[in-house]
Amino acid sequence: MVMVFYGSNGKSNPVSMENKVEHQTENQITYDIHLPSDLGMLYKVRLGLQSLENNISQWFLCHFKIQNTSTLDTFSLTINETLPLSPNGDRWIEFPIQWPLKEALSVVTYHLTVFSRNILNGKNLVHMTACIYGIRGDTGDRSLLQSLQNVQQGEKNESFLVIVDAVDLGELEKIVLLISSKTDCKLNIKKLHVQEAAKEHPIYVFEVNEEFSVNANKPKIQREIPRSFVIRGEQQKGDIDNNLNREGSQVKKSTEYTIKVYTGNKRGAGTDANVHIILFGNEDKSEVFQLTHSLEHQNPFERGKVDTFKIKTKNLGSLRSIEIGHDGKGFASGWFLEKVEITDAARNSMHCFNCNRSVDQSITTLYMLFSF
């Protein structure tokens, strides 16, 4: 058994209960654990089973009690749940801590819908988890392919629903995907939708639009997906699925941009760092896009090369500026950027952002702003 404690100043590392038994009777086990003092006021506990293998036995949890041995403040909760929560289902359970004179958060059931093209055919060969982050912490890694619901398969697209119970995360900010496989495979993920099961809105949309290739050289892939936009207002569920970029009562059609990045032709001009870009228009700005899959080259941003990327995002209006930078990772991360050309397919227009300078990074990510 493993526990993760969340406080007002952060969360603890996973705490294994192994070798921490202080006292044990037939139906009760007492653990003695030490938490960092800088966690602040504890507000939730995530409890789960350490093993992710399917042959683990079930475990019925009746009651949970936690006491601060210094202040003697005590919290107790009757749970009466079995882990896993369903056959081959979620192996984690979260509950809020309600201290005396403190208001506790509520437990929320989230519906996470995955839209893809080919995941279901190989779901028995792939392990995929998602960690949902909000302003009040995260869910931890939750399996997406253990217990699927509302599976829909079409000629080209498919979708499935994953149910996640977690203490209220507040406004959602990002999802971290982790994909692994013991065999070579490719997974094409289009987008993720997250909403509270009890509410039609808001719906948090996370655009992915990426094919993940897992092989012997890259058995695990982790990708951070920032929130693209939020659908709010009175809309029908069918309208949401057909018009993915609606927000409120105003329709915002998606726009495809072709981005050409010109690396300078001088010694040391190329970079192995991870490059990202944000587009700014007169109506809105895009999410952060990682420029990883060049249409021309397996290794982008080499000396004297031009790399092309295609992205889709909400309607930004007329492009005004961009932010582009890198994380400074990898060998020879310094980068001489000549220019960036962006073609707006919807408006049939091309914008050129000149740079002609080095983009160096040493400690934090460097953003540079260019206007045309």
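# Salt bridges and nonpolar cores

Colleague: Does glutamate 171 count as buried, partly exposed or exposed?

Modeller: In this predicted model, the relative accessibility of glutamate 171 comes to 27%. Buried would require under 20% and exposed over 50%, with the remaining class in between, so glutamate 171 counts as partly exposed.

Colleague: With which residue does glutamate 171 form a salt bridge, and how far apart in sequence are the parts that this pair ties together?

Modeller: The partner is arginine 227, and the closest N and O atoms of the pair are 3.4 Å apart. Arginine 227 is itself partly exposed, its relative accessible area being 29%. Because glutamate 171 sits in the loop between β15 and β16, whereas arginine 227 belongs to the loop between β19 and β20 (229-231), the salt bridge with arginine 227 ties together parts whose separation in sequence is 56 residues.

Colleague: Are arginine 46 and glutamate 94, which also meet in a salt bridge, buried or exposed?

Modeller: Their side chains meet at 3.8 Å, N to O, and the pair links distant parts of the chain, with arginine 46 in strand β6 (residues 42-48) and glutamate 94 in strand β9 (residues 92-96), 48 residues apart. As for accessibility, where the cut-off is under 20% relative accessible area, both residues are buried.

Colleague: Which residues are linked with Arg46 and Glu94 in a network of salt bridges?

Modeller: The count of salt bridges comes to 13, and the pair of arginine 46 and glutamate 94 is one of them. The network that contains Arg46 and Glu94 also takes in Lys11, Lys44, Asp138 and Arg142.

Colleague: What is the relative accessibility of lysine 199, the residue with which glutamate 196 forms a salt bridge?

Modeller: In this pair the closest N and O atoms are 3.8 Å apart. Glutamate 196 counts as partly exposed at 21% relative accessibility, and lysine 199 is likewise partly exposed, at 45%.

Colleague: Which residues touch the most other members of the largest nonpolar core?

Modeller: This core has 33 residues, and β10 (107-116), β11 (126-134), β15 (158-167), β16 (172-181), β17 (185-196), β18 (203-214) and β19 (220-226) each contribute at least two of them. Leaving aside residues up to four places away in sequence, the contacts of isoleucine 189 include Val114, Phe115, Met128, Leu177, Val208 and Phe212. Those that touch the most other core members are Leu112, Ile175, Ile189 and Leu192.

Colleague: How many residues does the second, separate core have?

Modeller: Among the members of this second core are Ile311, Ile322, Val340 and Cys355. The core is separate from the one described above, and its number of residues is 22.

Technical notes:
Residues numbered from 1 in each chain as written. Predicted model: local features only at pLDDT ≥ 70, side-chain atom pairs only at ≥ 80, totals over all residues. Heavy atoms only, no water. Core = buried A, V, L, I, M, F, W, Y, C linked by side-chain atoms within 4.5 Å. Buried < 20%, exposed > 50% of the residue type's maximum accessible area, 1.4 Å probe, protein only. Helix = DSSP H or I, 4+ residues; strand = E, 2+ residues; numbered from the N terminus. Contact = heavy atoms within 4.5 Å. Salt bridge = Lys/Arg side-chain N within 4 Å of Asp/Glu carboxyl O.
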